[in-house]
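Open the model in your viewer and keep the selection panel at hand. Each stop below says what to select and what is there.

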There are 2 protein chains.
Amino acid sequence: MSIRIGILGYGNLARGVESAIRQNDDLELVAVFTRRDPKTVTIKTEGVPVDSVDNVESYVGKIDVLVLAGGSATDLPEQTPKYAKLFNVIDSFDTHARIPEHFANVDASAKESKHVGIISMGWDPGMFSLLRMISTSVLPEGENYTFWGRGVSQGHSDAIRRIDGVVDARQYTVPIEAAVERVRSGENPELTTREKHLRECYVVAEEGADLARIEKEIKEMPNYFADYDTTVNFISEEELKKNHSGLPHGGFVLRSGVTGFDKEHKHIIEYKLTLDSNPEFTGSVIAAYARAAYKLANEGSFGCKTVFDIAPSYISPLSGEELRKHLL
Amino acid sequence: MSIRIGILGYGNLARGVESAIRQNDDLELVAVFTRRDPKTVTIKTEGVPVDSVDNVESYVGKIDVLVLAGGSATDLPEQTPKYAKLFNVIDSFDTHARIPEHFANVDASAKESKHVGIISMGWDPGMFSLLRMISTSVLPEGENYTFWGRGVSQGHSDAIRRIDGVVDARQYTVPIEAAVERVRSGENPELTTREKHLRECYVVAEEGADLARIEKEIKEMPNYFADYDTTVNFISEEELKKNHSGLPHGGFVLRSGVTGFDKEHKHIIEYKLTLDSNPEFTGSVIAAYARAAYKLANEGSFGCKTVFDIAPSYISPLSGEELRKHLL
């Protein structure tokens, strides 16, 4: 018997989850829910209905885990606690400062209704958090470093698009190799924001737009660009489509620590992701942890969980015996 | 209140655990147990007794977790099930083929006596197993690759020492960079044993020994060297002490997988360890998971566990709230 999955939303991340479900024999997509007119949404999986989000309640008993594929700004703070009343749920909430509040809301809702709610799943937060946490526990005296990229930052791309005279834009976050090498050497450097990442922008401007003004507005934008060395390249719409339509990403988590009675031995733990498709990898992580949500609920371990709270074996379709035999 | 740790054995690994305990405020070394005359064993931690292994039973109620720091060949198969009757225990059992049997023995003993027994902990098995398992669950269509080194293999060094005319030896396992790069490129190559690792030997021979014969015996030794490109360097005892007295090690676990409706996107997950001291890093992993043994026992979750069965938060001294705030 398969684990029955529903997906709320049908953007990039939802399609990543849909694709991941097809790669897992024990997972089955039951329905996609949308706030749009369902007739206007065509999904890739044949024979699976697209239904209105207004009808989601009628799927109680037909869905084991509902994946919430909306955004962290406004969708998830409302949706995850709301739907945790009806289903086991999982989201990719990534607004760091609001995680404690989001956790508390989902926990209360999920515990009351006897469901499992997994939050902040993906690769950062998610896999990177897991590696930071485990590596910090194993090497308590040391420093953590996280580098992102080379990859497309949707938030930064959107910020450029909001500038007057910009038609479209793509922003790549690029880790600075010299900084990564200093960390790998065990030097434990203190690195400024500017020393860690570059920002590379590809911008399509309106005809006749003041390019110098656009470039200045990008480079001086607080929070997004002002603290970085930023390059701005104006390109045609055709070139943007041809060379910058993908959503690659990745990054590194490094822990540099010491052991020994005189702290004389250095150790470097490095976890590195190189991803052709950010939403498909994130969707793959979510699909694996949806399996955990189902298993935890079956065991009666209700409430809100993060990647820290879930024993790794729960995300695998293999039995404990198979895991010990083939992967230990 | 601290978690009270005992260590059975006092070789390299035990000293690594002892050193790690000093880096964790919530862990306390209570006693070291030895099969030798305790008077002949001096440990680094002041004020902590060295006692005979024959007296270990008198520490019931005084020790929360007993670390079994013996060897996998003969010590642990007997010791771990035996001492799981008296204490929560943790070992680094690494004889892969015998893990199912060892797990069953420890599980039966620990469940009957209501203890927790964690087996096969360290970095391989241990951290590498965890990464293989999680990465395989996240990217179900793909290949796993494990490379070891550059580092000292104790087993291979010992095998050389058993050859007639050899005074001492150190063997380095060296991953072949070209093979690693092929994996990183997403090529998913099939690699032979010879293509993955080199073996580099530093040998101190007896005066007048037949060096050509020793070199031939090393290079043709089945299982250990015959399937590898092996280099043998004869050096003096002084040079061995000066340049090869450390126990560095490390390696990589890579998962190369695909996602997408047409499997059109490649992803590489890489976990890399660069360790100045193999036993101290292994001891650090064991210390962190000793904390988990204690917490699991307090919750009544008895029996044998591996790295797959333990929620990551159990290995941290931080609360769930602190973990979510600082590391998620």
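The tour goes from the two chains and their interface to the sheets, and then to single residues.

**Before starting**

Residues are numbered from 1 along each chain as its sequence is written, while chains are lettered from A and ligands numbered from 1 in the order in which they are written. This is a predicted model, in which local features need pLDDT of at least 70, side-chain atom pairs count only at pLDDT 80 or more, and totals for chains, interfaces and linings use all residues; side-chain values use heavy atoms, with hydrogens and water left out.

**Stop 1: the two chains**

Colour chain A and chain B separately. A rotation of 180° with 0.0 Å of shift along its axis places chain A on chain B, with an RMSD of 0.0 Å (least squares on the C-alpha atoms of residues with pLDDT of at least 70 in both copies). This is the relation of a two-fold axis. To find the axis, select Ala311(A): in chain A its C-alpha is the nearest to the axis, at 1.9 Å. Both copies use the same surface, since 100% of the contact residues of chain A recur in chain B.

**Stop 2: the interface**

Now select the residues of each chain that touch the other. In contact (heavy atoms within 4.5 Å) are 67 residues of chain A with 67 residues of chain B. The two chains bury about 6100 Å² between them, 65% of it on carbon and sulfur atoms; buried area is the accessible area (1.4 Å probe) that two parts lose on being put together, summed over both.

Show Gln23(A), Phe261(A) and Leu328(A) as sticks: these residues supply 15% of the area that chain A buries against chain B, more than any other three residues. Across this interface there are zero salt bridges (a side-chain nitrogen of Lys or Arg within 4 Å of a carboxyl oxygen of Asp or Glu). There are, however, 27 residue pairs in polar contact, both residues at pLDDT 80 or more. A polar contact is a pair of N or O atoms within 3.5 Å; within protein, one must be able to donate a hydrogen and the other to accept it, and residues adjacent in sequence count only if both atoms are side-chain atoms.

Which element gives the largest share of the side of chain A that touches chain B? Select β13(A), which gives eleven residues. Helices and strands are DSSP runs numbered from the N terminus (H or I, at least four residues, for helices; E, at least two, for strands).

**Stop 3: the seven-stranded sheet**

Stay in chain A and switch to cartoon. Seven strands make an open sheet with parallel pairing, in the order β3-β2-β1-β4-β5-β6-β14 (chain A); two strands pair if DSSP finds at least two bridges between them. β3 (50-52) and β14 (303-305) of chain A are the edge strands, each with a single partner, so one side of each has no neighbour in the sheet.

Zoom to β6 (residues 116-118) of chain A, which pairs with β14(A) in the parallel sense over three bridges. There, Gly117(A) stands opposite Cys304(A) in β14(A). Next, add α3(A), which packs on the sheet, touches β5 (88-91), β6 and β14 of chain A, and makes an angle of about 140° with β14(A). Angles run from 0 to 180 degrees between N-to-C directions, with axes fitted to C-alpha atoms, for helices over the stretch in contact. Add α10(A) as well: this helix runs at about 155° to β6(A).

**Stop 4: the four-stranded sheet**

Select β8, β9, β10 and β11 of chain A, which form an open sheet in the order β8-β9-β10-β11 with mixed pairing. β8 (151-152) and β11 (229-234) of chain A are at the edges, each with a single partner strand, so one side of each is left without a neighbour. Strand β10 (residues 197-205) of chain A runs parallel to β11(A), joined by six bridges. One bridge pair to label is Leu198(A) with Asp229(A) in β11(A). Helix α8 (residues 211-219) of chain A packs on this sheet, touching β9 (166-175), β10 and β11 of chain A, at about 150° to β11(A).

**Stop 5: single residues**

Select Gly149(A) and Arg150(A), which are joined by a cis peptide bond with omega about 0°. Arg150(A) is in the loop between β7 (142-148) and β8 of chain A. Then go to Ser120(A), where phi is near 60°, a positive value in a residue other than glycine. Ser120(A) is in the loop between β6 and α4 of chain A.

Finally, move to chain B and select Arg291(B) and Asp26(B), a salt bridge with the closest N and O atoms 2.7 Å apart. Arg291(B) is in helix α10 (residues 278-298) of chain B and Asp26(B) in the loop between α1 (12-22) and β2 (27-34) of chain B, so the pair ties together parts 265 residues apart in sequence.
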